[in-house]
Amino acid sequence: MTHLFGLADCNNFYASCEQVFQPDLRGKPTVVLSNNDGCVIALSKEAKALKIPFGMPYFKMKAAPEYRHVQVRSANFTLYGDMSNRVMDTIALNVPDTEIYSIDECFIDYNGVPNAETHAKQLSETVRQWTGIAICIGLGPTKTLAKMANRKAKREACGAVDVTDMDIRNYILKETEIGDVWGVGRRWKARLLLQGINTAYDFSRMDRRLARDMMGVVGLRTVDELNGISCQDFELITPDKQNLSISRSFGDTIHTLDGMKERIHYFSTRATEKLRSGGLVASAITVFVKGNRFRPELPQHSNSVTVSLDGSTSDTGEILNAALYGLNKIYRPGIPYKKAGVLLLDLHQKEQAPSNLFTKNNPQREKLMHTMDGLNSKFGPGAVSYGHIPQSRTWYMSQKMLSNRFTTHWRELLVSKSL
């Protein structure tokens, strides 16, 4: 029996989130910047029409007279995460099952749904009405084809496109460049072009043995998926993460060990909060520091160290102690550091984590961590911290054009006033 997958993707998601709550941005070219307002990471459709390059450094865009009228916002990931949850919840209420793929994409199980394309178009309109976010949905017998159908729906600015019909599928395959096929990166694109494989249709007609010799099992599966043979199952349970990372580039370089400890303290605390929110535990932590590679005239030093934990844990105190121990091992005085971060490794669900003689089970510590998480959730990140950390973290990120958090902070909710 042929499966029917849907792929729902939010249109220009970050920029759309900004425009939902700021009507004055609607219809205007809008871009969202990366951490520290470094470069462009999202563009509205109006900004795309201006051909602003993705990843363009903000200082270059700011200096270009042709972009002077572009509206600019700093990345507001708290808002984007909440809006993502609202979109995904709306979709889940109206379909049999979903598999969240990223912050703005999810696969939909459309098996058994009558008139799937009509339903998808209605669902697109429902999401727009309930959340203010426009989405497009691609339908196909495989995940790869559903992705391709979604691209077509976006280009045509329609709610949904179904490529179940062979004629429609072949037409879209022929107009899709090989580099736009899901799973074909720049390296494989170059090799396939040398073989005369210019489009998704060419790839679908490629000899299966040659595809496997060139790209391994992944290439063979992609060829099969383009021919309507599903090689990727629908995952109702999202696989656990294998690692969890928090890192940042700093607005100003860091010259002291105390300054770096402050940052590693914050990163470790946030990482363990994320760990506990997923019911996970870690067995090791990697700490890294980096100099300013864009200033070669300055002293340079980059290093990392991995510290094993005493058993699998999500206890902030244990992980923080290991992180600061690692920092002391790799820190070098006199270096102007520009970036640092932590990486939690070997993650498992708490109930499934391997145990050893050092594994601890302290109900009082678990209750303490749960209480801290509850207070920080209610009063905002950093309301309660483990050990001393300065309340003002002006070093954290430069976000000079940050919008309000709207749906995730009581004081920043929109207020309706009667005239």
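In the predicted model, Cys-10 of strand 1 has Ile-135 as its bridge partner in strand 7. This pair belongs to an antiparallel arrangement in which strand 1 (residues 5-10) and strand 7 (residues 135-140) are joined by six bridges. Strand 1 is also paired with strand 6 (residues 105-109), again in the antiparallel sense, and here five bridges are found. Within that second pairing, Gly-6 is matched with Ile-108 of strand 6.

Strand 1 is largely enclosed by the rest of the structure, because six of its six residues are buried. The burial applies to both faces of the strand. On one side lie Phe-5, Leu-7 and Asp-9, and on the other Gly-6, Ala-8 and Cys-10, all of them buried.

The pairings of strand 1 are part of an open sheet of five strands, arranged in the order 5-6-1-7-8 and with mixed pairing. The edges are occupied by strand 5 (97-102) and strand 8 (160-162); each has a single partner strand, so one side of each is left without a neighbour in the sheet. From one strand to the next, the twist averages 20°. At the strand 5 edge, strand 5 and strand 6 are connected as a hairpin, with two residues between them. Five bridges hold these two strands in an antiparallel pairing, and in it Ile-100 stands opposite Cys-106 of strand 6.

Aromatic side chains were examined next. Ten aromatic pairs were counted. In one of them, the ring centres of Tyr-14 and Tyr-80 are 4.5 Å apart and the planes meet at 15°; the pair is therefore classed as stacked, since planes under 30 degrees apart count as such. Tyr-14 is located in helix 1 (residues 13-21) and Tyr-80 in helix 4 (residues 77-93), so the pair ties together parts that are 66 residues apart in sequence. Both Tyr-14 and Tyr-80 are buried. A second stacked pair is formed by Phe-21 and Phe-406, with 4.8 Å from centre to centre and 10° between the planes. Phe-21 is in helix 1, whereas Phe-406 is in the segment after helix 13 (363-379), so this pair ties together parts 385 residues apart in sequence. Phe-21 counts as buried because its relative accessibility is 16%, and Phe-406 counts as buried because its value is 5%; the cut-off applied is under 20%. Tyr-14 and Tyr-80 also belong to a cluster in which ring pairs link them with Phe-13 and Phe-77.

Charged side chains were found over aromatic rings as well. Lys-174 lies over the face of Tyr-201, at 4.8 Å from the ring centre. Arg-187 is placed over the face of Trp-188, and here the distance to the ring centre is 4.5 Å.

The last region considered contains Asp-315 and Thr-316. Asp-315 is found in the loop between strand 11 (303-313) and helix 12 (316-330), and Thr-316 lies in helix 12. Asp-315 is classed as buried because its relative accessible area is 7%. For Thr-316 the relative accessible area is 1%, so this residue is buried too.

Each of the two residues makes a polar contact through its side chain. Asp-315 reaches the side chain of Arg-365 at 2.8 Å, while the side chains of Thr-316 and Thr-272 are joined by a polar contact of 3.1 Å. With neighbours within four places in sequence left aside, Asp-315 is in contact with Arg-276, Arg-365 and Met-369. Under the same exclusion, the contacts of Thr-316 are Thr-269, Thr-272, Arg-276, Met-369 and Tyr-386. Arg-276 and Met-369 thus appear in both contact lists.

Key:
Residues are numbered from 1 along each chain as its sequence is written. This is a predicted model: local features need pLDDT of at least 70, side-chain atom pairs count only at pLDDT 80 or more; totals for chains, interfaces and linings use all residues. Side-chain values use heavy atoms; hydrogens and water are left out. Helices (H or I, at least four residues) and strands (E, at least two) are DSSP runs, numbered from the N terminus. Buried means under 20% relative accessible area, exposed over 50%, partly exposed in between (1.4 Å probe, protein chains only). A polar contact is a pair of N or O atoms within 3.5 Å; within protein, one must be able to donate a hydrogen and the other to accept it, and residues adjacent in sequence count only if both atoms are side-chain atoms. Contact means heavy atoms within 4.5 Å. Rings of Phe, Tyr and Trp (its six-membered ring) pair if their centres lie within 6.5 Å; planes under 30 degrees apart count as stacked, over 60 as edge-to-face and the rest as tilted. A charge sits over a ring if NZ of Lys or CZ of Arg is within 6 Å of the ring centre and within 35 degrees of the ring normal. Two strands pair if DSSP finds at least two bridges between them. Axes are lines fitted to C-alpha atoms, for helices over the stretch in contact, and angles run from 0 to 180 degrees between N-to-C directions.
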